[in-house]
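Work through these short backbone exercises with the structure open. Each task is followed by a stepwise solution.

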Amino acid sequence: MTPLLRVEGISKTFVGNRVLDDVTFEVDGGEIHAVVGENGAGKSTLIKIIGSIYQADTGSLMLDGRAASFASPAEAMRSGIAIVHQELSLVPNLTVAQNIFIGNEPRGPLGIIDWRGLNRRASELLRRMGALVDPTVLVGELSVGTQQIIEIAKALALDAKVIILDEPTSSLSETEVDLLYGLLDDLRRKGLGIVFISHKLGEVFRLADRVSVLRDGRLVGTKRVSETTTAEVIHMMVGRHIADLYPGKSTRIGEVLLEVKDFSCPPYRRPVSFELRRGEILGFAGLVGAGRTELARALFGAAPHDGGTVMLEGRVLDVRSPRSAIEQGIAYLTEDRKTLGLFLDEPIHRNVVSASLKRFTSPNGVLRTGAIRAEAKSWVANLDIRPPNVDAEVINLSGGNQQKTLLAKWLCARPRILIVDEPTRGVDVGAKAHIHQELRDLTDQGIGIIVISSDLPEVLGLSDRVIVFHEGELAATLAGAEATQEKVMSYAAR
Amino acid sequence: MTIKPNAAEASTGQPRRFRPLRSVDARQIAGLAMAIIALAVVMQVNYPVFLTPFNIEIMSVNFVAEAIIALGMTIVIITGGIDLSVAAVMPFAAILFGLALNAGIPLAIAIVLVLAAAATVGFLNASMTNAFRVHPFIATLAMLLTLRGVNLVLTGGSTVSGFRRTTAFLGQGYVLGVPVSIAVFLVLAVLFAYLLANQSFFRRAYFVGGNKHSARLSGINVERYLVFVYMTSAVLAGIAGILVASQYGAASNGYGQNLELRVITSVVIGGASLFGGTGSILGSVLGVVFLGMIYNAFDMLGVSTYWKDVVIGCLLLVAVFISEYLKRRQARA
């Protein structure tokens, strides 16, 4: 059988940096083919070349057994290759139908758009996909999961034969993920070829037929999912065995460090009380939208709270703004490092000190550049941030190294309590293990840590104790062996 | 498999009838229309001359340049840009027009030449933005300042006149009982309103302003589109310049002081967002009408001109506040 899409011998070099090296890859009709690899392995470059957003230096592309080459993304799209990008590319203040047929509207003479036809075709298409979405609703009003569905509808409207999804589930809630899986399954049955980039091996094994592993721009191998194991794929990804993704549990849990009592903030229906002990990692589990981030932001003073007390080492805190939270020893690592966490266009050293500028300012108000660079250098070495160059702009770092820079920024502020929200989202396996170990080391030094993560194995693997949130309520506190995946889900998804 | 939408996405399964005005915009436009009617009623009760054909004509003729320029500015703002240079393009066109006519160039050819010159200015605006990746605010500000200088050079600081007879029809004529300049505006407004609502090429403005990245990936050549948009804006400013010169039978570099700000104010009062992606011709036209009526009302009340700007500034804030409020309420609903 000829593969639906085949790229052969693809190489690509960016400013002397070989990003892809002789990669051959194919996807059959009726197949879901997962592509995995650490950040910087070349996955995104590969799909951008397939979608003609970049042009390869060498190599060829065959679609349906015929050699093809496209001059622009639009041309690739018209030939049946559609990409659903990680950052959704919908226009929020236009309707669903207008987005689905963007630049491709049914039109009459002089390009006058046939609005009735547009809405009718959009609603037919959505119905065929099993999605009951009103085509005249504005896209900005839809949930991220439904927007993802609209992106796929956009691809189908162009009669795509191959749909490429770049980490489609990274910002979806559990139910939305299920919907997406169902839809992809449907499309596979209809004979489309689906390429699926993911960091989550769980979903790769659940969904894909084959998995291809990239490392350092080379294709390490392609396996049938039924004939391989998670351990083997991880080994292929990192080129070494990662003994354990998670460090051990705490051995010395001490006195109460942080005590939150009758704390109320939107969207909580009832006040929340919990405590965090010295040496402990406390996990916040729950579905997206359960209110975990809102609670963290309220504790950090980035969102308002209506009442309750917060005590740190026996002292009552008065947190009114992030600034006062930082001064009183609380740090919060946002889940959205690119827009809320880092100054992307600034070098590493300015990012590292950005939450502790006071300490690096001389009495007459001048920044002490030397001290700043020295501080940044020590964090870069400590956390193994690459490249080990404090002048590198953060925008050029991989996801894992950006996350480490964010961690350095907050550790530099010398917090007593560190709240980390989705600490490894979009971070590759190697950096993940490193960040996890770092968090454990910090608790050993006496810092209290709260971990919020939608990656359930991560919460369970890291935490000594887990609090489960459910729709704006603290649903359960589970400790030790009690905290199992099933138990957490039974509280989280009631 | 069935994908169940959440409450906000609830659907009857049947597509709703097409609504050319989406809810927030429609409400804002309706509100603006009501404000206009209220203002008219209040003025009419206290000053019965307010709604006489004579006063309406004065208002219209005074604001026709703003109104025509607002059409182009609306498209520019929808794409997420801004065009400050219109305030210099308008007198530039007026001056060129006057000089051309005084040089004995026939009217029709003079018009074509002037509009071609205006289009060139728009082309340069867009090219500066595209080539150097500067924000259109800077590119068109540079153009505004430069062109003001050019206007001074062309006129030597004095007024160009002496072509009144050639432009008698354009300046003082009537079509079906409507002054020519107003007729030109009405035709252009209807045309642009229809195209921007229904024509696929014009609709791209919303894609470009709503999400440039997405527009590019959907096969829209954003840079080339912006060239079209800024040329349109400049040509409309050129038309306004020709009409103003014809009206006064003279052209001066003093025309159009702060015009760009009045036009932008009208477009924003009409519901467009400077972040791009929203706006409509109807809204902008109502915005100009509203602003025009306020100025006229001030003249009638004999209020010091100094207060005009205070009130206009406050009105702009109120309009933006209402528009944001509507949007947030909708987002929460």
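The model is predicted.

**Exercise 1.** Where in chain A does A:Arg414 lie, what is notable about its phi, and is the residue buried or exposed, or in between?

*Solution.*
- Step 1: Place the residue. A:Arg414 sits in the loop between H14 and strand S17 (417-421) of chain A.
- Step 2: Read the backbone angle. Phi of A:Arg414 is near 50 degrees, a positive value, and the residue is not glycine.
- Step 3: Classify the surroundings. A:Arg414 has 13 C-beta neighbours inside 10 Å, so it counts as partly exposed. The exposed class stops at 12 or fewer, and the buried class starts at 20 or more.

**Exercise 2.** Repeat the analysis for A:Leu110: which loop holds the residue, and is it buried or exposed?

*Solution.*
- Step 1: The loop runs between helix H3 (96-100) and helix H4 (115-128) of chain A.
- Step 2: A:Leu110, another residue other than glycine, has a positive phi near 60 degrees.
- Step 3: Count the neighbours. A:Leu110 has 10 other C-beta atoms within 10 Å, so it is exposed.

**Exercise 3.** Inspect the peptide bonds from A:Arg386 to A:Pro387 and between A:Pro266 and A:Pro267. What is omega in each, and where do A:Pro387 and A:Pro267 lie?

*Solution.*
- Step 1: From A:Arg386 to A:Pro387, omega is near 0 degrees, and the bond is cis.
- Step 2: A:Pro387 belongs to the loop between helix H13 (369-383) and helix H14 (399-412) of chain A.
- Step 3: A:Pro266 and A:Pro267 are also joined by a cis peptide bond, with omega about 5 degrees.
- Step 4: A:Pro267 is found in the loop between strand S11 (256-264) and strand S12 (272-277) of chain A.

Note on methods:
Residues numbered from 1 in each chain as written. Chains lettered and ligands numbered in written order. Predicted model: local features only at pLDDT ≥ 70, side-chain atom pairs only at ≥ 80, totals over all residues. Helix = DSSP H or I, 4+ residues; strand = E, 2+ residues; numbered from the N terminus.
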